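I opened a new entry today. I wanted to go from the whole chain down to single residues.

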Amino acid sequence: MQRLGRARRALGFLIAWLPFLAKVPRATPNRQVDYSDFLVGHFRQRADRPALIGEASSLTWGELDALANRVAHWAIGEGLSRGDVVGLMMENRPEYVAIWLGLSRVGIVSSLLNTHLTGDRLAHCIREAGMRHLIVGRELAEAAASALPELDPAPRVLLADDPGQAPSPGEADSASEDEVPLALAAAESFDEAVAACSPGAVAEAHRHDRLGSDGLFLIYTSGTTGLPKAANISHARALAAAIGSWKLTRLSPSDRVYCCLPLYHSAGGVMSVGGALLSGATFVVVRRFSTKRFW
């Protein structure tokens, strides 16, 4: 009887994990694979359903696909290509996911910068990544500006508006400009640059020779025992973690996943968002963790 019980448990485990085992080979390092390949069905079948919900903005699956395409076309226009690194520093919001997803479509690595870093520690992360472009949420403009004196050459900074802090229609345009440090007064608007780009699909030529082993993220250690160190997360590794998260939690398109963890770390930015995206669920994210507002 004990053997029969063990056999039943083993069979149940195998059945539960068959979908996972069937999908993992598609995400191996030596195959041509892209993170977006695993989301195509959701873009087509759930275009009008919410994919990402934040405190002040949201994106349907169709809007997420279109925005990611705009970001990819912006990167192409900037002369960026496979293997280049772009820094991403902003608090949690739907656009954060759309930006790294768009960059990934043309083989660009997103350096996910800790939103609490400033000065020389932030400069170290930027310098080590070798990035020429840094996309910064306007809410973190002061922190980004504090690192620029430590960098030579400094990356090109583009500011992305925070929908939760956007000025009301009646406010003067100078109101938001006054909040930007002098060092970034001439910084370009990332939102305007991306809005001018096509929402159409990226040409297949940009996927040529792409492999699962290509970099997707640079994710940094906390730096509690020294300067932060970057871990290179490939498409294959991120997809394997996301598939595991999806299957272990048994997510379905009817679910909603709430995340209050920072999207610049693996738990929130790879496993939590990845499981939600691959399953077709809706990912609900807050700007930052708050014990008072958690429940």
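My notes on the fold, the cores, the pocket and two backbone details follow.

**Overall fold**

I am working from a predicted model. I looked up the secondary structure first: the protein chain has ten helices and eleven strands. I then checked burial. Of its 295 residues, 50% count as buried. Next came the contacts with a separation of 6 or more. Residues 24 or more positions apart account for 76% of these. For the surface, I noted about 14,500 Å² exposed by the protein chain. Carbon and sulfur atoms supply 54% of that area.

**Cores**

Which residues touch the most other members of the largest nonpolar core? I found Tyr35, Leu64, Trp74, Trp100, Leu277 and Leu278, out of 59 residues in that core. Helix H3 gives the largest share of this core, with eight residues. Another core lies apart from it and has 27 residues. Leu122, Ile126, Val136 and Leu151 are among them.

I went back to Trp74 and listed its contacts, leaving aside neighbours within four places in sequence. Trp74 is in contact with Leu80, Leu103, His133, Ile135 and Leu158, among others. The list also includes Phe190, Ala193, Val194 and Cys197.

**Largest pocket**

I turned to the empty space. The largest pocket holds about 370 Å³. Its lining has 14 residues, and those closest to the centre are Ser36, Val40, Asn69, Arg105 and Ala201. Which elements give two or more residues to this lining? They are helix H2 (40–45) and helix H3 (61–77). H2 gives the most, with three residues. I sorted the lining by class and got five nonpolar, two polar and seven charged residues. H3 thus appears twice in my notes, in the pocket lining and in the largest nonpolar core.

**Backbone details**

I looked for a cis peptide bond and noted one between Asp152 and Pro153. Its omega is about 5°. Where is Pro153 found? Pro153 is in the loop between helix H6 (141–147) and strand E6 (156–160).

Then I checked phi at Arg250. The angle is positive, about 55°, although Arg250 is not a glycine. Arg250 has its place in the loop between helix H9 (235–249) and strand E10 (256–259). Is Arg250 buried or exposed? Its relative accessibility is 70%, so Arg250 counts as exposed; the cut-off is over 50%.

Key: Residues are numbered from 1 along each chain as its sequence is written. This is a predicted model: local features need pLDDT of at least 70, side-chain atom pairs count only at pLDDT 80 or more; totals for chains, interfaces and linings use all residues. Side-chain values use heavy atoms; hydrogens and water are left out. Helices (H or I, at least four residues) and strands (E, at least two) are DSSP runs, numbered from the N terminus. Buried means under 20% relative accessible area, exposed over 50%, partly exposed in between (1.4 Å probe, protein chains only). Contact means heavy atoms within 4.5 Å. Accessible areas come from the Shrake-Rupley method with a 1.4 Å probe; for residues, only the protein chains shown count as cover. On a 1 Å grid over the protein atoms alone, a cavity is a set of points where a 1.4 Å probe fits but cannot get out, and a pocket is an open set with protein on both sides within 12 Å along at least five of seven lines; lining residues have an atom within 4 Å of a point. Grid points are joined across faces, edges and corners, and a volume is the space filled by probe spheres set on the points. Ala, Val, Leu, Ile, Met, Phe, Trp, Tyr, Cys and Pro count as nonpolar, Asp, Glu, Lys and Arg as charged, and the others, Gly among them, as polar. A nonpolar core is a set of buried Ala, Val, Leu, Ile, Met, Phe, Trp, Tyr and Cys residues joined through side-chain atoms within 4.5 Å.
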